[in-house]
Amino acid sequence: MVLLFSCEENREDKIHVKKNTPKALQNSDELYVSSFESRGKENLVSDLYQELMEKNSELRKLEESRNEFNERHQNYLYRFDEYDSKSQQYYRDANSYVNAINDSILRKKIEHLLTRNEEKYKHIISKHTGLQNDLSKLSSTIEDRLIVLKVLLTLEQIEKYEKDNLPDRKEPASLIRKGGKVSSKLDSLTPKY
């Protein structure tokens, strides 16, 4: 990994970005990372979208609504799972008790009673299970649509950045000429072999 640090204010290799360029697309003034390195753990789409949200009250309200939905959805799932786990545990424990009954006729009668009650319980919660599936599908749809929104809104920003901030071609052309001179000088100074 190659890191170049600079305290200089006027570096020639610093890319100058135009005004109105989102902060997420601006270069750091203190640290220059080799082009072989990625931006690290930053997520440019998220960073750009965050900046858009800060400027757009409609996006902020959307995010608040989505967060509220997700929180309430998770709370409901937690409460239901807690409720359901108690019933499941009860039927497991009750069946363990019933298995300890020595009288086989009495044991079968109680097993049958427990099975009927458990089936009745499963029928009662089936409506909740269906609603849970609907909520999960809706949650997934919301997340998919949020991804689409983030990508499409930030795509506009990166396209504008690419258009407005494309480095001039003069520099690489100049570097090619300079590199050619260095290469020629190396050839002239290298002993024949």
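Mentor: Buried means under 20% relative accessible area, exposed over 50%, and partly exposed in between. The model discussed here is predicted.

Trainee: Is Leu-155 buried, exposed or partly exposed?
Mentor: Leu-155 is placed in helix H3. Its relative accessibility is 38%, and the intermediate class runs from 20% to 50%. Because 38% falls in that range, Leu-155 counts as partly exposed.

Trainee: Which residues form a nonpolar patch on the surface with about 490 Å² of accessible area together?
Mentor: Helix H3 gives the most to this patch, with five residues. Leu-155, one of the members, lies in that helix. The full membership is Val-45, Ile-147, Val-148, Val-151, Leu-152 and Leu-155.

Trainee: In what order do the elements of the chain run from the N terminus on?
Mentor: The chain has four helices and two strands. Read from the N terminus, the order is β-β-α-α-α-α.

Trainee: What percentage of the residues of the chain count as buried?
Mentor: The accessible surface of the chain comes to about 16100 Å², and 55% of this belongs to carbon and sulfur atoms. Of contacts between residues at least 6 apart in sequence, 69% join residues at least 24 apart. Among the 193 residues of the chain, the buried share is 20%.

Trainee: How are the rings of Tyr-76 and Phe-80 arranged as an aromatic pair?
Mentor: A search of the whole structure finds five aromatic pairs. In the pair of Tyr-76 and Phe-80, the ring centres are 6.2 Å apart and the planes make an angle of 25°. Planes under 30 degrees apart fall into one class, so this pair is stacked.

Trainee: Where do both Tyr-76 and Phe-80 lie?
Mentor: The two residues are four apart in sequence, about one turn of the helix. Tyr-76 is buried at 19% relative accessibility, and Phe-80 is buried at 8%. Both belong to helix H2, residues 57-99.

Trainee: How is the pair formed by the rings of Tyr-83 and Tyr-121 classed?
Mentor: The ring centres lie 6.1 Å apart, with the planes at 45°. An angle under 30 degrees would count as stacked and one over 60 as edge-to-face. The value of 45° meets neither condition, so the pair is tilted.

Trainee: Which helices does the pair of Tyr-83 and Tyr-121 link?
Mentor: The pair joins distant parts of the chain, as its residues are 38 apart. Tyr-83 is partly exposed at 44% relative accessibility, whereas Tyr-121 is buried at 8%. Tyr-83 lies in helix H2 and Tyr-121, between residues 104 and 165, in helix H3.

Trainee: Which residues do ring pairs link into a cluster?
Mentor: Tyr-76 and Phe-80 are paired, and so are Tyr-83 and Tyr-121. These residues belong to a cluster whose members are Tyr-76, Phe-80, Tyr-83, Tyr-90, Tyr-91 and Tyr-121.

Trainee: What distance has the polar contact that joins the side chains of Tyr-76 and His-128?
Mentor: Leaving aside neighbours within four places in sequence, Tyr-76 is in contact with His-128, Gln-132 and Leu-135. Gln-132 is 56 residues from Tyr-76 along the chain, yet their C-alpha atoms are separated by 9.0 Å. For the polar contact between the side chains of Tyr-76 and His-128, the distance is 3.0 Å.

Trainee: Which residues are linked in a network of salt bridges?
Mentor: A search of the whole structure finds five salt bridges. One of them joins Glu-63 and Arg-66, with the closest N and O atoms 2.7 Å apart. Both residues are buried, and they are three residues apart in helix H2, about one helical turn. The network is made up of Glu-63, Arg-66 and Glu-143.

Trainee: How far apart are the closest N and O atoms in the salt bridge of Lys-122 with Glu-118?
Mentor: Lys-122 and Glu-118 both lie in helix H3, four residues apart. Lys-122 is partly exposed at 45% relative accessibility, while Glu-118 is buried at 19%. A salt bridge requires the nitrogen and oxygen to lie within 4 Å, and here the separation is 3.9 Å.

Trainee: With which residue does Lys-160 form a salt bridge?
Mentor: Lys-160 is partly exposed at 45% relative accessibility. Its closest N and O atoms in the salt bridge are 2.5 Å apart. The partner is four residues away in helix H3 and is partly exposed at 24%; this partner is Asp-164.

Technical notes
Residues numbered from 1 in each chain as written. Predicted model: local features only at pLDDT ≥ 70, side-chain atom pairs only at ≥ 80, totals over all residues. Heavy atoms only, no water. Phe/Tyr/Trp six-rings, centres within 6.5 Å; stacked < 30°, edge-to-face > 60°. Buried < 20%, exposed > 50% of the residue type's maximum accessible area, 1.4 Å probe, protein only. Patch = residues over 30% accessible without salt bridge, like charges linked within 9 Å, V, L, I, M, F, W, Y side chains within 5 Å. Areas by Shrake-Rupley, 256 points an atom, 1.4 Å probe, with all protein chains shown as cover. Salt bridge = Lys/Arg side-chain N within 4 Å of Asp/Glu carboxyl O. Contact = heavy atoms within 4.5 Å. Polar contact = N/O pair within 3.5 Å; in protein donor to acceptor, adjacent residues only side chain to side chain.
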